[in-house]
Amino acid sequence: MREGASERAAPGAGPTAQSGAAAEHGGAERERTHETSKRRSTGKRDSGEVLNGSKGKPRSKKGAHTGSSSSSSSSSSSSSSSSSSSSSSSSSSASSSSPCTYYISSFLLLRLMGVLFAVAFVSMWVQVHGLMGGHGISPVSTHLENTLAAMEWSEALLQYPSVLWLSSSDLALHCVCACGVLAGLALALDVLPALSAFVAWALFLSLVTCGQEFTTHQADHFLLESGLLVVLLACAPSRARATPKRSWGECIVDSVTPLARNPFTCTQSTVVLWLLRLLLVRSNLMRGLQQLLGSDPTWRNLVALTYGLESQPSPTVLAWYLHQMPPFVHQILVFWILTAQVGVGLLSFGPRLFRRCAGFYIALLHCFYILIGNYGTYHWNALVLALVLFDDQMLPRIARLLRRVALRTARRDLELTRTSKAAAARGAAGAQSGAESGGADEGATHSSGGSARQRASSGKRAGAKLSAFVADSYAQAWHMRASILLALLIVVLSLVPISVVTHQLVPVPAPIVDAYRIAYRFKVVNIYGPFHRIHKERQELIVQGSADAQHWVDFDNRYKPDSHLSRPPAFVSPHISRVEHRLWQAAYSDYQHELWISRLLHRLLEQSSSVQGLFKASSFAPEAEYMRAVRYVFWFSNWGDASNSYYWNREFSDIYTPSFSQSIQSVSDRRQTMRHRLSMHGMS
């Protein structure tokens, strides 16, 4: 209509009419431009709301004023440049004062904890048959049978929570390890992270609770306590997406696609992140307090590394080189270790700069421990937990890139939603126009019916979208409540380990101690610390076999020192040989307190292949009729000895166990079973 009026007025109206028509045409163009800019700004705001997982906050007044002025009229170049400069300055100031977010740290922590669980299960898998199998040193089946004979079923299940109650065969042990490896890899690849984390934690708990003397290492407890918090972190609900309702198949495909999620589309659980920091600080602080307040004066005298590099469970070749350094170097390192564990760890609860400094300091400390000794997954676990001290602003480019990708995905989802709504509206309009052409009365009836159906369908879509956001808010609320409840439980139960470390300087009520004993069965809160004392000489047990009880042959270790003195100390971390670690601990105690060694010698007399696999294959003596364990004293060689390719020296100390033979094996087995049953009943 407007174009026709302008064409009729053009021949006789003159320039005034033409200019009026042009002005009207320009006004229409400005209106369309204004509507387009308004839709774009609305889309950006909506996508920001979807990314933030809430209704979103309005932009700053300066940015809103600049956007409205540029969309309403075409300003001059000077005004546009000034507005762009003001917007850039405001964005730079906003980035400098942006709050701390930990989306990237949380994402990497979940992936690396999955890798750590997979490595721990593989390390256990290659030893589980010889340690806990039917023909192993300490069979799980025998242990569970003796437990059931000593207590009720419900009490036994609470005392040893494990899936091995269903089946304790060798096949069940292998299945548990295999499923644990798959669960760890699934968590590392972000495939069903909540379910994968829970399965890995539950299966590893099953092995640790039934592993008896071979699963008392601090690394196992540290991994379980960290794994429980990782389960809670992985259960954080994802943010609601403003897309049409998806089918179950699409949801399953999205869940099982490896590394498909953007870290900035996940929900940041602040309570769980603080719990992880508390665990990291508590583990380091407890070690430092035990070193300072313990009965061993070597830490307070700064001479712990002078002896500890040599006498630790499984040193590396770097420990040999560091042992050759002057004593003042060892004293400086000990002072640095105590500073990092006691003082610097508390900076983790400070401002952003303090947290970053504490994170670098703690990471450097645990890298040092990894390089000088094989302690399993303990220090690797601490390195992963140190990620919670580094916020996203440490990697600004990567954070901006991931945030931009998340915004682009949110905008695409909004466009899909609007396209579907527009198509539905066009279909309803076409049906309404067809009904009007068919007849006035009938058209009116169909029009009213179509509009009613359209309003009903739009109401259903709006209700579905609202219910999705409401369900997401409910899930976040319940997750927050569970996190706060677990945080309160952990903080209260942490008083017990601190009281133990400080030698009852922090009194704890009896109900809290009873609650801790129950929670300890699930490894919710554990005690961490160094070894009870730094040994000033390294003692090792060597298993020997003989055919005539006169000439003995050593069963060589896989990683620890033995008769091959020229072999350099091995680096096998995060793997750990559990039988070698227990032999190192038993060397500093009496044989009567290490009853499992008699079972080890009996299995070697039986030529058990699974137990023989725990040692070097080249050291087997198939004709051995007698077995025993002897004690040696080992010490590092000096620089001069290194020219002869010797890393160790050793000297015979004493015979640790009596000689075992096939004739006394059955009697000893019955004796061990009777002692175990008496100990389960509290008798000795």
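# Reading a predicted fold, from the core outwards

User: Let's start inside. Which residues touch the most other members of the largest nonpolar core?

Analyst: The general idea is that in soluble globular proteins, nonpolar side chains tend to be buried together. In this model, which is a predicted one, the largest nonpolar core has 98 residues, and L109, I137, L207, L276 and L600 touch the most other members. Another core lies apart from that one, with 17 residues, among them L305, I337, L365 and Y369.

User: Pick one of those hubs for me. What is L600 in contact with, leaving aside its neighbours within four places in sequence?

Analyst: With that filter on, L600 is in contact with I137, V543, L583, V611 and F615. You'll recognise I137 from the list of residues that touch the most other core members. Hang on to V543 too, since we'll meet V543 again opposite F555 in strand 2.

User: And what about the smaller core? Where is F368, and which residues does F368 touch?

Analyst: F368 belongs to helix 16, residues 352-372. Past its sequence neighbours within four places, F368 is in contact with L305, L322, L333, W336 and I337. Of these, L305 and I337 are among the residues of the 17-residue core. The relative accessibility of F368 is 14%, so F368 counts as buried. For a spatial marker, H379 is eleven residues away from F368 in sequence and 9.3 Å away in space, C-alpha to C-alpha.

User: Zooming out, how many helices and strands does the protein chain have, and what share of its residues count as buried?

Analyst: There are 26 helices and five strands in the protein chain. Out of 684 residues, 44% count as buried. As for what ends up outside, about 34,300 Å² of the protein chain is accessible surface, and carbon and sulfur atoms hold 63% of that. Among contacts with a separation of 6 or more, 78% come from residues 24 or more positions apart.

User: Now helices. How do I read the length and cover of helix 9 and helix 10?

Analyst: The general picture first: an α-helix has 3.6 residues a turn, so residues three or four places apart point the same way. Then compare the span with what you'd expect at 1.5 Å a residue. Helix 9 (residues 193-210) has 18 residues and reaches 26 Å from first to last C-alpha, close to the expected 26 Å. Helix 10 (residues 218-234) has 17 residues and reaches 24 Å, close to the expected 24 Å. On cover, 13 of the 18 residues of helix 9 are buried. In helix 10, 16 of the 17 residues are buried, so helix 10 is largely enclosed by the rest of the structure. If you're scanning torsions, look just after helix 9 for Q212, whose phi is positive, near 60°.

User: What about loops? Is V163 buried or partly exposed?

Analyst: V163 has 34% relative accessibility, so V163 counts as partly exposed. V163 sits in the loop between helix 7 (153-159) and helix 8 (170-188). Leaving out neighbours within four places, V163 is in contact with V176, L203 and S206. The C-alpha atoms of V163 and L207 are 8.7 Å apart, across 44 residues of sequence.

User: On to strands. Which strands pair with strand 1, and in what sense?

Analyst: Strand 1 (residues 538-546) runs antiparallel to strand 2 (residues 552-555), with four bridges between them. Strand 1 also pairs with strand 3 (residues 626-636), in the antiparallel sense, over nine bridges. For residue-level partners, V543 stands opposite F555, Q544 stands opposite D554, and L541 has R631 as its bridge partner in strand 3. The hairpin of strand 1 and strand 2 has five residues between the strands, and A549 there takes a positive phi near 65°.

User: Which residues of strand 1 are buried on each face?

Analyst: On one side you get R538, E540, I542, Q544 and S546, and on the other Q539, L541, V543 and G545, all of them buried.

User: E540 catches my eye. What polar contacts do its side-chain atoms make?

Analyst: The side chain of E540 makes a polar contact of 2.6 Å with that of R538, and another of 2.7 Å with that of K560. E540 counts as buried because its relative accessibility is 0%. Beyond four places in sequence, its contacts include P313, W584, R631 and F634.

User: One more polar case: what lies 2.7 Å from a polar atom of the S598 side chain?

Analyst: That's the backbone oxygen of L595. S598 is in helix 23 (residues 596-605), and S598 counts as buried because its relative accessibility is 0%.

Definitions and conventions. Residues numbered from 1 in each chain as written. Predicted model: local features only at pLDDT ≥ 70, side-chain atom pairs only at ≥ 80, totals over all residues. Heavy atoms only, no water. Helix = DSSP H or I, 4+ residues; strand = E, 2+ residues; numbered from the N terminus. Buried < 20%, exposed > 50% of the residue type's maximum accessible area, 1.4 Å probe, protein only. Polar contact = N/O pair within 3.5 Å; in protein donor to acceptor, adjacent residues only side chain to side chain. Core = buried A, V, L, I, M, F, W, Y, C linked by side-chain atoms within 4.5 Å. Contact = heavy atoms within 4.5 Å. Pairing = 2+ DSSP bridges. Expected span 1.5 Å × (residues − 1). Areas by Shrake-Rupley, 256 points an atom, 1.4 Å probe, with all protein chains shown as cover.
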